[in-house]
2 protein chains.
Amino acid sequence: MSLKANNPSRKTWLDVPDNTDFPIQNIPFGVFLTRDDIITIGTRIGDFAIDLGALHQLGYFKDIPLTDDIFLQDTLNDFIADGRKTWRSVRNRVAELFDVNTDELKSNEKDKETVLFTLDEIEMQMPVQVGDYTDFYSSKEHATNVGKMFRDPENALLPNWLHAPIGYHGRSSSIVPSGIPIHRPQGQKLPKGSDEPIFGPTRQLDFELEMAFITTDSNLLGEPIPVEDAESYIFGMVLFNDWSARDLQKWEYVPLGPFLGKNFGCSVSPWIVTLDALEPFRVEGPKPIKKLLPYLQTTDKKSFDINLSVSIKPENTDEMVITKSNFKYMYWSMSQQLAHHTVNGCPVNSGDMMASGTISGSTPDSYGSMLELSWGGSKTVKLNGGEERRYIEDNDTVTLRGYCQNHEVRIGFGEVSTKILPVFKL
Amino acid sequence: MSLKANNPSRKTWLDVPDNTDFPIQNIPFGVFLTRDDIITIGTRIGDFAIDLGALHQLGYFKDIPLTDDIFLQDTLNDFIADGRKTWRSVRNRVAELFDVNTDELKSNEKDKETVLFTLDEIEMQMPVQVGDYTDFYSSKEHATNVGKMFRDPENALLPNWLHAPIGYHGRSSSIVPSGIPIHRPQGQKLPKGSDEPIFGPTRQLDFELEMAFITTDSNLLGEPIPVEDAESYIFGMVLFNDWSARDLQKWEYVPLGPFLGKNFGCSVSPWIVTLDALEPFRVEGPKPIKKLLPYLQTTDKKSFDINLSVSIKPENTDEMVITKSNFKYMYWSMSQQLAHHTVNGCPVNSGDMMASGTISGSTPDSYGSMLELSWGGSKTVKLNGGEERRYIEDNDTVTLRGYCQNHEVRIGFGEVSTKILPVFKL
């Protein structure tokens with residue numbers, strides 16, 4: 001099926017701001033609460049949210065085989081499980097309906113009123129119910145930086161790292177959408193020079209600049225997904241902030257990996273941008289340094305050129321961008337991650353989320369965490385209004401943004417923005 | 001509310017074998033497919049499965065406030081979310097209905113035919129949809145044994161271990177009920193003396209003798225569960241086999257913990273035995289060696305005396321019990337695990353599963369894994385028919401069993417039995 005929704009010369013009859021992340025070529029998918037307190041699946045063009053459930057009820061998808069309630073869901077899981085043919089048909093049809101040359105909906109004031117919402121009329125929800133969440137560790141620069149600080153500067157990258165996309169299982173229950181605040185976590189940490197841990201609020205609260213992909217139902221228990229097939233099981237991507245408490249993490253993580261240092265919260269952008277929409281921004285990732293085992297060898301371009309940034313906004317000051325990175329720096333591709341994850345027969349379900357790991361570039365202004373930007377807290381990061389930070393403080397708001405841009409079109413992810421609240425009081 | 005279902009002198013009008021794991025004092029909960037291909041929530045007394053959905057439709061629960069479809073579900077999640085008062089009311093009512101002195105159902109042949117099934121008429125399903133699965137590492141003997149073999153014999157137990165119940169997130173998607181076979185996984189492993197990994201089937205396939213508890217909805221994002229309250233959020237327990245591929249695990253697990261060495265499968269017993277049913281078997285666990293931080297300090301008996309065993313059955317030979325252990329050996333209690341898991345604000349949902357980690361005793365005949373029984377493959381374990389094993393072979397069936405027994409009553413878990421199939425062929 002063609003990706004005609006991607007046509008860069010298409011224009012919409014909706015009034016769309018210049019340089020929007022959501023031109024008619026994007027057509028992401030999300031879940032929102034409408035002004036009438038109804039949960040629906042929708043998409044977004046410019047600053048309009050579009051109720052796909054209402055469009056379907058009004059008959060605008062009659063040529064696509066869809067169940068009646070496919071959009072009247074509080075998650076995208078069932079829609080995603082319907083498979084790539086359905087996603088593409090719906091995306092193409094939305095592009096057609098909102099095309100400046102299509103009169104069908106444009107001239108129907110009543111229907112337009114039913115299906116269109118301004119952003120302040122809706123409340124974005126988690127787009128999927130995450131069955132399982134995996135966090136990879138696929139930026140060589142980040143893994144090297146952390147290895148230098150947490151372990152041995154001379155052998156920062158562990159022997160397995162260049163042979164496989166290392167990852168671990170994270171906690172699904174604490175993944176929240178943009179806008180939901182997160183309390184500073186408490187836990188055990190080891191004071192310098194002591195061998196007895198103390199209990200208290202983390203003093204090293206950090207963000208991690210990541211992206212995540214969302215899968216569809218795929219393999220059976222026992223059945224691997226071949227690396228060259230992997231993308232057909234990927235629905236789309238979101239921005240992902242993997243909140244981390246470095247002092248908790250450092251004390252707990254040997255030998256079983258991060259646990260309470262991570263599972264108090266992750267924040268995601270609410271609109272899932274389809275892999276289809278990202279097609280024009282396909283690029284090659286870094287060349288493998290070691291010869292890969294056959295199940296990880298890929299031929300085509302499997303990465304994407306996505307500009308990423310993080311800003312911090314202290315309570316009474318303007319926000320300031322503190323780092324800029326790019327998804328294409330990732331050493332391991334999503335295809336390699338998914339092939340590796342399933343090579344042992346681990347099954348993947350619709351709505352699973354797989355995060356990239358912190359995306360750091362090679363220069364200090366592209367590092368994807370405070371741990372790296374402040375080099376383990378040894379220096380400060382300057383913010384607006386004379387503020388400076390080694391880690392994140394209470395009432396700071398951290399915002400991740402991401403977009404792709406070429407000379408024809410911009411496809412963006414919007415943002416994931418999260419305020420940190422003080423420790424929860426019972 | 002009283003636990004009158006526990007009354008040890010109660011007898012049932014059903015014909016129940018001596019020494020059953022499921023006397024009328026047990027009343028576990030599970031999900032099964034009936035002879036009419038209907039999924040329902042049920043319980044078990046002796047060798048009868050009882051359709052609670054049908055009992056409810058026939059009006060036998062009319063004095064308990066329950067929604068009409070509470071038992072007509074394909075998982076226990078909603079029932080569990082209803083809370084402890086509901087579980088107790090239903091369990092007490094079932095005990096009453098099947099009491100030898102209650103005539104109501106006993107004398108109604110038509111209703112009996114509708115609600116009672118023999119075990120060969122049903123097919124047990126996963127009892128819950130597991131939102132998140134956590135695996136702890138709470139047996140001191142197991143952690144010490146593994147530390148000796150994987151790391152440093154002189155410092156086998158890591159510094160954090162005595163201060164907190166160490167755990168990690170596992171994969172929910174590959175948890176299957178007893179009876180579902182599991183394929184031998186493939187993956188990367190490092191040959192001795194080499195620094196280049198090879199790909200192939202695991203040669204060190206292992207079981208882990210564990211138990212898991214299932215939680216109900218509890219805390220909000222940000223809100224810890226106090227250790228003394230923790231049990232009120234625990235619905236019940238199952239036997240849990242955490243399949244492990246030691247060669248894959250050893251190569252991949254530093255620094256982020258076990259991943260593909262674990263996530264190809266876990267097997268659980270299908271009947272959830274409520275914490276209420278285990279009440280008569282409450283015991284104290286081991287005394288803490290280090291002074292605990294206040295959030296982990298407990299007063300009462302928080303462990304349970306549950307006899308555990310593992311048997312191996314090669315394809316054409318009788319099974320043989322190869323180890324016997326006990327849940328009471330666990331250094332960290334379920335209450336401490338749940339308090340620790342949530343102390344940073346991590347939310348817990350109905351249907352989450354938290355496994356104990358391998359339960360090993362202090363003597364070699366009580367070790368809970370082949371890794372320990374064969375001491376890293378350095379010696380063999382003798383089976384029936386002249387067979388011997390260092391690890392698990394294709395077509396072996398591994399069965400975990402567990403029960404509590406005092407002079408009045410036996411409360412058992414049945415079994416979780418899993419056959420290992422050869423590597424999956426595409």
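**A friendly note on the two-chain model**

1. Let's start at a loop: B:Pro255 sits between H6 and strand S16 (266–268) of chain B. Please keep in mind throughout that this is a predicted model. The peptide bond that leads from B:Val254 into B:Pro255 is cis, and its omega is near 10 degrees.

2. Chain A deserves a look at the corresponding proline. A:Pro255 is found in the loop that runs between helix H6 (246–252) and strand S16 (266–268) of chain A. Here the bond from A:Val254 to A:Pro255 is cis, with omega near 5 degrees. As background, most residues other than glycine have a negative phi, and most peptide bonds are trans.

3. One backbone angle may also catch your eye. A:Asp37 is not a glycine, yet its phi is positive, at about 65 degrees. You will find A:Asp37 in the loop between strand S1 (30–33) and strand S2 (39–45) of chain A.

4. Now to the symmetry. A turn of 180 degrees, with a shift of 0.0 Å along the axis, lays chain B on chain A with an RMSD of 0.0 Å. The two copies are therefore related as by a two-fold rotation axis. Within chain B, B:Gly257 has the C-alpha nearest this axis, at 2.1 Å from it. Both copies use the same surface, since 100% of the contact residues of chain B recur in chain A.

5. How many residues does each chain bring to the contact between chain B and chain A? The count is 64 residues of chain B in contact with 64 residues of chain A. About 5700 Å² of area is buried between the two chains, and carbon and sulfur atoms give 64% of that area.

6. There are charged pairs across the interface too. Six salt bridges are counted between chain B and chain A. In one salt bridge, the side chain of A:Arg171 meets that of B:Asp132, at 3.5 Å from N to O.

7. Finally, a pocket that you may like to inspect. The second largest pocket has a volume of about 570 Å³. Its lining comprises 19 residues, and those nearest its centre are B:Leu190, B:Lys192, B:Gln204, B:Asp247 and B:Lys250. Helix H5 (140–150) and helix H6 (246–252) of chain B are the elements that give two or more residues to this lining. Which of them gives the most? H6(B) does, with four residues. By type, the lining of the second largest pocket divides into 10 nonpolar, three polar and six charged residues.

How values were computed
Residues are numbered from 1 along each chain as its sequence is written. Chains are lettered from A and ligands numbered from 1 in the order in which they are written. This is a predicted model: local features need pLDDT of at least 70, side-chain atom pairs count only at pLDDT 80 or more; totals for chains, interfaces and linings use all residues. Side-chain values use heavy atoms; hydrogens and water are left out. Copies are superposed by least squares on the C-alpha atoms of residues with pLDDT of at least 70 in both. Contact means heavy atoms within 4.5 Å. On a 1 Å grid over the protein atoms alone, a cavity is a set of points where a 1.4 Å probe fits but cannot get out, and a pocket is an open set with protein on both sides within 12 Å along at least five of seven lines; lining residues have an atom within 4 Å of a point. Grid points are joined across faces, edges and corners, and a volume is the space filled by probe spheres set on the points. Ala, Val, Leu, Ile, Met, Phe, Trp, Tyr, Cys and Pro count as nonpolar, Asp, Glu, Lys and Arg as charged, and the others, Gly among them, as polar. Buried area is the accessible area (1.4 Å probe) that two parts lose on being put together, summed over both. A salt bridge is a side-chain nitrogen of Lys or Arg within 4 Å of a carboxyl oxygen of Asp or Glu.
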